[in-house]
Amino acid sequence: MAKVTVVKKKYRIKGGDFVLTALVAALVVFGIIMVFSASYYASISETGDPYDYLKSNLMWAGVGTVAMIVCTLLDYHVYKKLAPWLMGISFILLLLIFTPLGLTRNNATRWLGVEGFPITLMPGEIAKICAIIFVAWFLSQNPKRIHQFWKGVLPLVLLAGAYFVLILKQPNMSTALTLLMIIVGMMFVAGLSWWYVAAAVGAAGGGFAVLWFFFPDSYFMDRILSFTDPFADPLGDGWQVTQGLLALGSGGLFGKGLGKSIQKTLYLPEPQNDFILAIIGEELGFVGCFLLIAVYLVLIWRCCHICLNAPDLFGTLLASGITIMLALQVILNIAVVTSSMPPTGIALPFISYGGNSLLIFMASMGILLNISRHSAK
């Protein structure tokens, strides 16, 4: 009798996108350095400890690293089963904002936590990744849904509207608009007709016209128009933008040197947060900002590469949602700091101080790495 030899094929998952991993690591390390530099005097003023923000940022970077590793190793198809649950949890967290668990800071209730406890949650940040996972699952279940108004487009429009209203009531216009644009962007990637895009732009233009003609002195119009001339009210609404522009301008080509910013000495409010790019420009100059933007562009390119080479539609949509979130926040943050658009209070990914944002972005990069491990290229 002839001997039958069974040959076992070995399947190996790739190691992931090395360039993306290196870029994220570089941005996180650079962010830790710049947060320490930008927050030095603010930390002394608030707590008496110049290393308070540094220690907190290091802790969140450590937690984010663990989350990134776990998400890199976890098969991204698991999120398909969790998508409806994650969407429900995100809405529960957003609703809890309006209970005694909601914490109010700087006239906005955007955090969940207990007074005196150092760790808080930002449901708006969590809602972004939960919405991305849900939309990717919803559209990948039936690719034809995006061409059906009642079964595909309308449910996602209602979902985006619900997220928008709940986040706007905090109030947090920047996160609300970002999440709305992420969902619309994912729908466009899935094949949304240009007619719907044109209708959305028309509706947005109509809403702005209503505010312009009927509520010219409203809070939202003041926020929208304040960027056009921040020096008109340099001690009021234009204070932060004005100080940010002074920081960028005084940095020149090569900057004043790391740690030598003047604006961070309690002139620019919370320089370690949304306006950290202004401190980078002041200390490292135009060259430092240019190199940082170049790193972001390469990172976004690698993210797009993963989107295009994902093994299935769910992976493509999931990767595209994360890529859109990253690109949007980079563009919006730079636009705000340079007074190219209204102040929105949106973080610069991996750089700005904020544990929730850093954790979400590092975990999201882990998801992208796992998708790249399953891709053919």
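**Figure 1. Order of secondary structure elements along the protein chain.** Read from the N terminus, the elements of this predicted model follow the pattern α-α-α-β-β-α-α-α-α-α-α-α-α-α. The protein chain thus contains 12 helices and two strands. Of its 377 residues, 48% count as buried. Among contacts between residues at least 6 apart in sequence, 72% join residues at least 24 apart.

**Figure 2. The salt bridge between D17 and R302.** The closest N and O atoms of D17 and R302 are 2.7 Å apart, and the two residues form a salt bridge. D17 lies in the segment before α1 (18-47), whereas R302 belongs to helix α10 (residues 276-308), so the pair ties together parts that are 285 residues apart in sequence. Both D17 and R302 are buried. The count for the model comes to five salt bridges, of which this pair is one.

**Figure 3. The salt bridge between D49 and K55.** A distance of 2.8 Å separates the closest N and O atoms of D49 and K55, which form a salt bridge. D49 is partly exposed, its relative accessible area being 22%. The cut-off for a buried residue is under 20% relative accessible area, so the 22% of D49 places this residue in the partly exposed class.

**Figure 4. The salt bridge between E125 and K128 within helix α4.** The side chains of E125 and K128 meet in a salt bridge with an N to O distance of 3.4 Å. Both residues lie in helix α4 (residues 123-141), three residues apart, which corresponds to about one turn of the helix. E125 is buried, with a relative accessible area of 8%, and K128 counts as buried at 1% relative accessibility.

**Figure 5. Packing of α4 against α6.** Helix α4 and helix α6 (residues 173-190) pack at an angle of about 15°, with their axes 10 Å apart. Angles under 35 degrees count as roughly parallel, and α4 and α6 are therefore roughly parallel to each other. The crossing of α4 past α6 is right-handed. On the α4 side, the contact is made by G124, E125, A127, K128, A131, I132, V135, A136 and L139; these meet T175, T178, L179, I182, I183, M186, M187 and A190 of α6. By class, the residues of this contact divide into 12 nonpolar, three polar and two charged. E125 and K128, the pair joined by the salt bridge in α4, are among the α4 residues that meet α6.

**Figure 6. Packing of α5 against α6.** The axes of helix α5 (residues 149-168) and α6 come within 8 Å and cross at roughly 165°. That angle makes α5 roughly antiparallel to α6. As α5 passes α6, the crossing is right-handed. V153, L156, A160, Y163, F164, I167 and L168 of α5 make the contact with M173, T175, A176, L177, L179, L180, I183 and M187 of α6. The classes of these residues are 14 nonpolar, one polar and no charged.

**Figure 7. The cis peptide bond before P171.** The peptide bond from Q170 to P171 is cis, with omega near -5°. P171 is placed in the loop between α5 and α6.

**Figure 8. Surroundings of T72 and D75.** T72 is found in helix α2 (residues 52-73) and is buried, with a relative accessible area of 12%. Apart from neighbours within four places in sequence, T72 is in contact with G366, L369, N370 and R373. D75 is found in the loop between α2 and α3 (78-96) and counts as partly exposed at 31% relative accessibility. With neighbours within four places in sequence again set aside, D75 is in contact with N370 and H374. The C-alpha atoms of D75 and I371 are 8.0 Å apart in space, although the two residues are 296 apart in sequence.

**Figure 9. Positive phi at L266 and S339.** L266 is not a glycine, yet has a positive phi of about 70°. L266 lies in the loop between α9 (239-251) and α10 and is exposed, with a relative accessible area of 55%. S339, also not a glycine, has a positive phi of about 60°. S339 lies in the loop between α11 (313-337) and α12 (355-374) and is buried, with a relative accessible area of 14%.

How values were computed: Residues numbered from 1 in each chain as written. Predicted model: local features only at pLDDT ≥ 70, side-chain atom pairs only at ≥ 80, totals over all residues. Heavy atoms only, no water. Salt bridge = Lys/Arg side-chain N within 4 Å of Asp/Glu carboxyl O. Helix = DSSP H or I, 4+ residues; strand = E, 2+ residues; numbered from the N terminus. Buried < 20%, exposed > 50% of the residue type's maximum accessible area, 1.4 Å probe, protein only. Axes fitted to C-alpha atoms, helices over the stretch in contact; angles between N-to-C directions. Parallel < 35°, antiparallel > 145°, perpendicular 65-115°, else oblique. Left-handed = near helix turned anticlockwise from the far one by under 90°. Contact = heavy atoms within 4.5 Å. Nonpolar A, V, L, I, M, F, W, Y, C, P; charged D, E, K, R; others polar.
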